[in-house]
Amino acid sequence: MVNKISGGVFADDRGFLRFVNDFDFSNVKRFYQVENHMQGYIRAWHGHEKEGKYVYVAKGTALVGAVNMETEEINKFTLSSQSPSVLYIPPGYANGFKNLEEDTIIMFFSTSTIEEVTVMILGLTGINGTSGRKVTDEERRFLGSKSPK
């Protein structure tokens, strides 16, 4: 089940401290950071049968979608660095996101090493994304995109 773990922000005269104290890193085996070249860019759909992911927006705001690959149940979450949280996407879900602000930085924490990952590609999309295919109108409607075709 997709689960959002809430955090918070502390501010004083030195600056800001963003935290998610209830997040447990014990299942994390690797991480990577994603930044899109422009606002409104979609990276979707990518799924794993055995890998779970934790998603954290370090800067900016992103709309994150998670779709159960068996039931096609759709979950949408808005994650923001102004309201820190970690979104858990379990194995068996496809995920995608759209950055809602310029310079958004998203961190993905994986429960699998790169060698352990069993990939089920539903179509990595974007504007001429990794799959070489453009985002469909249906995917645009799902993520509320106005990005070019």
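A contact here means heavy atoms within 4.5 Å. With that in hand: among contacts in this chain between residues at least 6 apart in sequence, 74% join residues at least 24 apart. The model is a predicted one, so please keep that in mind throughout.

First, the overall picture. The chain has one helix and twelve strands. Reading from the N terminus, the strands come one after another and the helix follows them at the end. There are 149 residues, and 47% of them count as buried. The accessible surface comes to about 8,300 Å², with 50% of that belonging to carbon and sulfur atoms.

I will spend most of the time on strand 11, residues 105–110. Is this strand buried or exposed? It is mostly covered, with six of its six residues buried. That holds for both faces: Ile105, Met107 and Phe109 are buried on one side, and Ile106, Phe108 and Ser110 are buried on the other.

Which strands pair with it? Strand 4, residues 30–34, pairs with strand 11 in the antiparallel sense, over five bridges. In that pairing, tyrosine 32 stands opposite phenylalanine 108. Strand 6, residues 53–59, is also antiparallel to strand 11, and six bridges join the two. There, valine 57 has isoleucine 106 as its bridge partner.

Isoleucine 106 takes us to the packing. In general, nonpolar side chains in soluble globular proteins tend to be buried together. The largest nonpolar core in this model has 15 residues, and those touching the most other members are Val55, Val64, Leu79, Leu87, Ile89 and Ile106. Strands 6, 7, 8, 9, 10 and 11 each supply at least two residues of this core. Strand 7 gives the most, with three residues.

Take leucine 79 from that list. Leaving aside residues up to four places away in sequence, leucine 79 touches Lys4, Val55, Val57, Gly60, Thr61, Ala62, Val64, Ser85 and Leu87. Apart from the largest core lies another one, of eight residues, among them Val20, Phe23, Val86 and Met107.

Phe23 leads to the last topic, the aromatic rings. How many aromatic pairs does a search of the whole structure find? It finds eight. For phenylalanine 23 and tyrosine 54, the ring centres are 4.8 Å apart and the planes stand at 70°, so the pair is edge-to-face; the cut-off for that class is over 60 degrees. Phenylalanine 23 sits in the loop between strand 3, residues 15–19, and strand 4, while tyrosine 54 is in strand 6, and the two are 31 residues apart. Both phenylalanine 23 and tyrosine 54 are buried.

Phenylalanine 23 also pairs with phenylalanine 109, at 6.2 Å centre to centre and 50° between the planes, which is a tilted arrangement. Since phenylalanine 23 is in that loop between strand 3 and strand 4 and phenylalanine 109 is in strand 11, this pair ties together parts 86 residues apart in sequence. Phenylalanine 109 is buried, as phenylalanine 23 is.

Finally, Phe23, Phe25, Phe31, Tyr54, Tyr88 and Phe109 form one aromatic cluster.

To go back over the main points: strand 11 is mostly covered, and strand 4 and strand 6 each run antiparallel to it. Ile106 of strand 11 belongs to the largest nonpolar core, Met107 belongs to the other core, and Phe109 belongs to the aromatic cluster. That is all from me.

Definitions and conventions: Residues numbered from 1 in each chain as written. Predicted model: local features only at pLDDT ≥ 70, side-chain atom pairs only at ≥ 80, totals over all residues. Heavy atoms only, no water. Buried < 20%, exposed > 50% of the residue type's maximum accessible area, 1.4 Å probe, protein only. Helix = DSSP H or I, 4+ residues; strand = E, 2+ residues; numbered from the N terminus. Pairing = 2+ DSSP bridges. Core = buried A, V, L, I, M, F, W, Y, C linked by side-chain atoms within 4.5 Å. Phe/Tyr/Trp six-rings, centres within 6.5 Å; stacked < 30°, edge-to-face > 60°. Areas by Shrake-Rupley, 256 points an atom, 1.4 Å probe, with all protein chains shown as cover.
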